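Trainee: I'd like to learn how to read a multi-chain model. Could you walk me through one?

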Amino acid sequence: MTRIESAVRTNSAEFRRRYHYNKALAADLRRRQEAARQDRPARDVERLTRQGKLLPRQRLELLLDPATPFLELSTLAANLAYGGESPGASSITGIGVVSGREVMIHADDPTVKGGAWYPLTIKKIVRALDIAIENRLPVVHLCDSAGGQLHWQSALFPDKYMAGRIFRNQSILSKSGIQQLALVFGHCTAGGAYVPALSDYNVIVRGTGAVFLGGPPLVKAATGQVVSAAELGGCDLHTRTSGTCDYPAESEAEAIATGRDIVAQWARPPKQLVPQEPVEPPALDPDDLYGVIADDIKQTFDMREIIGRIVDGSRFHEYKPAYGTTLVCGFAHLWGYRVAILANNGILFNDSAIKGGHFIELANHNNTPLLFLQNITGYMVGTQYEAAGITKDGAKMIMAQTCSHVPKFTVMCHGSFGAGNYGMCGRAFDGRFLFGWPNHRIAVMGGEQAANTLVEVKLRQREREGQPADEAVLAQVREETLKAYDEQTSAYYSTSELWDDGILDPVDTRNALAIAISASLNAPFGAPGNGVFRF
Amino acid sequence: MSGREMLVEITGRRPQLAVRIDGIVHGVSDFQSLNAMSVDGAFELTVDGTPYSGWRCVVGNDVYVRLGGRTFVLSRAIDASASVSGANSQHETRADMPGVVVAVHCEAGQAVSRGDKLITIESMKLQATLVASHEAVVETIHVSAESAFERGALLVSFAGARATSP
Amino acid sequence: MYAERYIERPRHIEVQILGDGGGNVVHLYERECSIQRRYQKIIEESPAPNLADETREAMCAAAVRLASAARYRNAGTIEFVLAPEGEFYFLEMNTRLQVEHPVTEQVLGIDLVREQLRIGAGGGLSFTQGDLRPRGHAIECRICAEEPEQGFRPATGRVGVLRIPRGANVRFDAGIRAGQPVTPAFDSLLAKLVVWDPTRVGAAATLERALTDLVILGVPTNVDYLARVIRHPEFLAGRLHTGFLTDHVAELAAPDASQEAEAVVAIAAALADADFRRAAFAVPEPYASIGKWCN
């Protein structure tokens with residue numbers, strides 16, 4: 001492996017301009033995340049404190065092992081939805097260490113509308129459990145929710161991947177032998193009652209914890225019976241009489257301590273082995289990433305400069321360097337783990353698509369996890385390329401990528417447009433984790449291109465209708481398209497809709513991927529096998 | 001220790017274990033194997049580069065450490081695992097099965113310690129003596145000798161009891 | 001109604017005797033037992049320091065006279081109160097072997113228990129007064145299960161770790177073994193640590209070293225307190241009286257430990273805890289190396 005030599009001049013105008021731009025984006029990201037994590041109406045915080053409850057992040061602090069990292073997923077889920085009513089989609093999910101065990105955390109956030117579930121809350125929880133299933137991560141649920149947001153019921157109840165999927169996933173986790181622990185800090189009502197019930201172990205706090213299919217208001221409406229939450233489904237009833245709950249706790253701190261002790265009892269199966277070397281930080285300065293990343297979606301940059309600031313020792317073994325040069329492929333180590341990296345330095349041509357497919361095969365044969373660093377606007381178009389079979393070649397790359405049995409990780413570094421997103425392991429392709437940088441854009445095509453296309457379409461339409469080209473109408477089409485794309489292709493929109501697992505500050509990418517890779521190795525690699533390659 | 005509460009927080013693990021006490025971070029290294037660290041007896045430890053050796057012993061909630069010819073006693077500030085035992089809460093003793101009272105060993109108003117006998121019951125030809133699980137004051141004895149009771153029946157309640165459902 | 005002279009700063013001096021029941025009584029010299037807390041002796045020595053020879057002879061002779069007049073048969077101790085001006089007064093006689101008898105044994109090279117049993121078996125005394133030649137100095141301290149900082153309140157627990165100090169002139173008479181529970185059913189005395197040296201200064205130094213080497217963990221003890229008494233300049237000067245411990249209570253209080261020592265102790269204690277050890281050592285890579293971080 002040779003050390004990547006940087007060709008970037010840190011005192012150039014371009015570098016400084018880009019640095020300033022990306023640093024500001026990172027600062028903006030931190031501000032938004034901090035607000036989503038911490039800003040809550042004082043009234044809601046006070047209500048919790050009055051009830052003797054801890055805030056959800058305080059619970060996390062006590063639950064996780066001291067001085068350990070926490071990879072929080074989709075911090076900014078729902079940031080552009082519901083008028084901003086649901087920061088973080090009213091829940092906290094992420095990967096951390098409890099009693100020395102890597103676990104997936106799913107915590108309700110009762111400081112947001114009592115922790116009630118919005119449609120995106122469901123999507124976030126289902127995604128967290130999907131990750132737990134794919135990576136064989138035990139799950140710790142911190143339950144404290146008022147139940148589903150009835151106002152949104154049609155978007156959170158009936159369909160396949162809505163609320164029921166949470167309980168289906170819990171059952172599948174259990175069937176797969178993956179442990180779950182639920183800590184009941186507040187009410188688990190209706191569907192929510194199934195979270196502790198479907199967990200292998202659960203702890204309930206006396207006084208504030210309660211589990212019932214129907215809460216006191218529903219019971220009164222249905223049968224006329226007047227009963228308190230504690231009587232209906234409190235700690236004593238469930239730990240002594242019904243057996244629904246396993247461990248009583250006098251306080252939240254005690255519940256968390258009990259939970260930690262439970263996790264400590266869990267068997268620890270061996271992890272999938274991948275080649276590892278002693279860890280070395282990158283030789284090139286990660287802070288330079290801000291100056292390398294372009295400040296305009298149409299501008300490019302050399303992905304080797306990115307790779308060199310993420311991998312151990314900045315060392316990279318490049319594969320087939322002279323062929324298919326718009327796709328950089330090679331091996332490197334990240335926090336010691338060997339990874340196979342594919343990174344875009346331009347659009348995909350026949351040769352880069354074929355090289356990509358071949359390299360993906362090599363990685364699979366080598367039992368090496370794949371890392372896709374996306375900056376792709378698509379495949380080359382035109383008769384020359386079609387004649388040469390670029391559609392076939394793109395299909396082969398997609399087939400190889402999809403049929404991989406090694407874990408796949410994707411970071412959307414800049415552009416993620418069209419079919420390029422597919423070949424480079426976009427959301428639909430079962431990558432274990434998908435992150436984006438704050439500058440990235442994702443769409444079927446770029447805004448400008450879409451606007452041009454739609455204007456062209458409008459022009460053709462008016463020609464057919466025999467109407468003159470109206471500049472004002474065309475301008476309006478252009479402006480509306482650009483505005484819609486600008487709003488809906490941003491990193492914040494994507495993460496709001498949970499099309500990814502979170503936005504990362506570029507300098508955090510290395511640590512985030514280290515945790516992601518480590519978590520993924522809890523599941524053994526599947527059996528190799530491919531579909532048909534159209535040669 | 002000596003009436004003062006000390007918090008030992010782990011702040012790092014590489015390249016050596018780092019802990020923070022009273023706002024100061026200390027590096028800990030060169031201790032014996034983990035097995036040796038768990039056993040009463042002599043210990044060796046390097047803290048902030050200086051090697052120390054001493055003696056240590058754990059009795060219940062207390063840890064005795066002898067260092068530099070001086071003995072220290074520390075108690076765990078929070079016993080997080082202390083909780084209800086068995087089917088009984090801190091304020092009640094209930095019957096696990098139906099039976100008959102053989103003898104009552106305490107009376108209302110009596111202060112009892114952990115392990116003190118409360119009542120002896122008999123069920124299915126088996127006698128059992130129920131004891132106090134912690135320090136408390138007996139408030140009411142709800143049964144008397146030779147009275148029968150059902151499963152879950154309240155036998156003894158202690159001061160500070162809240163109403164709970166069986 | 002009794003009227004007794006009130007003596008300030010008295011010393012408690014006692015004389016060991018052996019009598020064969022036929023009027024033969026031998027004295028085995030004196031012991032100083034002035035270091036007392038709650039009127040119980042905790043440090044005893046022989047010979048008594050700073051005691052005029054005439055006073056010693058007079059006390060021993062008085063003890064022999066008393067015991068032989070009673071035709072005493074047994075080992076026994078006559079206890080006196082010695083006033084600062086030099087007069088001594090009879091306090092009481094203990095007609096048995098006492099806790100502090102070892103210091104007499106060390107100084108005279110005699111096994112008092114054997115002598116006592118010999119007398120009981122009808123064998124009489126095995127030596128005469130003239131055979132006895134006291135040599136050197138012996139000091140004993142009583143190791144008790146108590147908390148000196150809490151008014152010497154007796155304590156319970158278990159002898160988890162016991163390490164006995166070694167040495168040619170160090171004697172450890174113990175009623176405890178490692179692992180033994182210490183319950184309220186018995187007296188708080190756990191053991192007697194006795195040293196001998198040709199000089200009193202040497203004996204104090206040997207005793208201090210032995211108290212430092214002695215390890216009893218699992219129950220609070222007065223070991224460190226006794227070491228502070230032995231180190232006290234007034235003790236080393238031999239200026240003793242029964243109010244010694246009360247008079248010097250402030251100087252004998254445990255000094256603050258250094259911040260560094262407290263940190264090491266806290267770390268050693270934390271590492272005894274299974275949960276702490278798990279939190280410290282069970283975190284896998286890369287989490288252990290990344291440390292505290294969140295994206």
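**Reading the fold, the cores and a contact surface**

Mentor: Sure. Chain A comes to 21 helices and 17 strands. Keep in mind that this is a predicted model.

Trainee: What is the radius of gyration of chain A, and how does that fit a compact globule?

Mentor: Chain A has 25 Å, which agrees with the value near 24 Å for a compact globule of 535 residues. Along its principal axes, the C-alpha trace of chain A spans about 75 × 65 × 50 Å. As for burial, 52% of the 535 residues in chain A count as buried.

Trainee: And how do I read the nonpolar cores?

Mentor: The general idea first: in soluble globular proteins, nonpolar side chains tend to be buried together. Here the largest nonpolar core has 142 residues, and Leu183(A), Val184(A), Ile307(A), Leu334(A) and Ile341(A) touch the most other members. That core draws at least three residues from each of domain 1 and domain 2 of chain A. There's also a second, separate core of 92 residues, including Phe235(C) and Leu271(C).

Trainee: Which residues does Ile341(A) touch, not counting residues up to four places away in sequence?

Mentor: Among them are Ile307(A), Cys329(A) and Leu371(A).

Trainee: How about where chain C touches chain B?

Mentor: In general, the size of an interface is often given as the accessible area lost when the parts come together. Here we can count contacts: 34 residues of chain C are in contact with 40 residues of chain B. H9(C) gives the most to the chain C side, with 10 residues. By class, that side has 23 nonpolar, six polar and five charged residues.

Key. Residues are numbered from 1 along each chain as its sequence is written. Chains are lettered from A and ligands numbered from 1 in the order in which they are written. This is a predicted model: local features need pLDDT of at least 70, side-chain atom pairs count only at pLDDT 80 or more; totals for chains, interfaces and linings use all residues. Two residues are in contact if their C-beta atoms, placed from the backbone, lie within 7 Å. Helices (H or I, at least four residues) and strands (E, at least two) are DSSP runs, numbered from the N terminus. Ala, Val, Leu, Ile, Met, Phe, Trp, Tyr, Cys and Pro count as nonpolar, Asp, Glu, Lys and Arg as charged, and the others, Gly among them, as polar. A nonpolar core is a set of buried Ala, Val, Leu, Ile, Met, Phe, Trp, Tyr and Cys residues joined through C-beta atoms within 7 Å. A residue is buried if 20 or more other C-beta atoms lie within 10 Å of its own, exposed if 12 or fewer, and partly exposed in between; C-beta atoms are placed from the backbone. Domain bounds come from an automatic or database domain assignment. The radius of gyration is taken over C-alpha atoms; the globule rule is 2.2 Å times the number of residues to the power 0.38.
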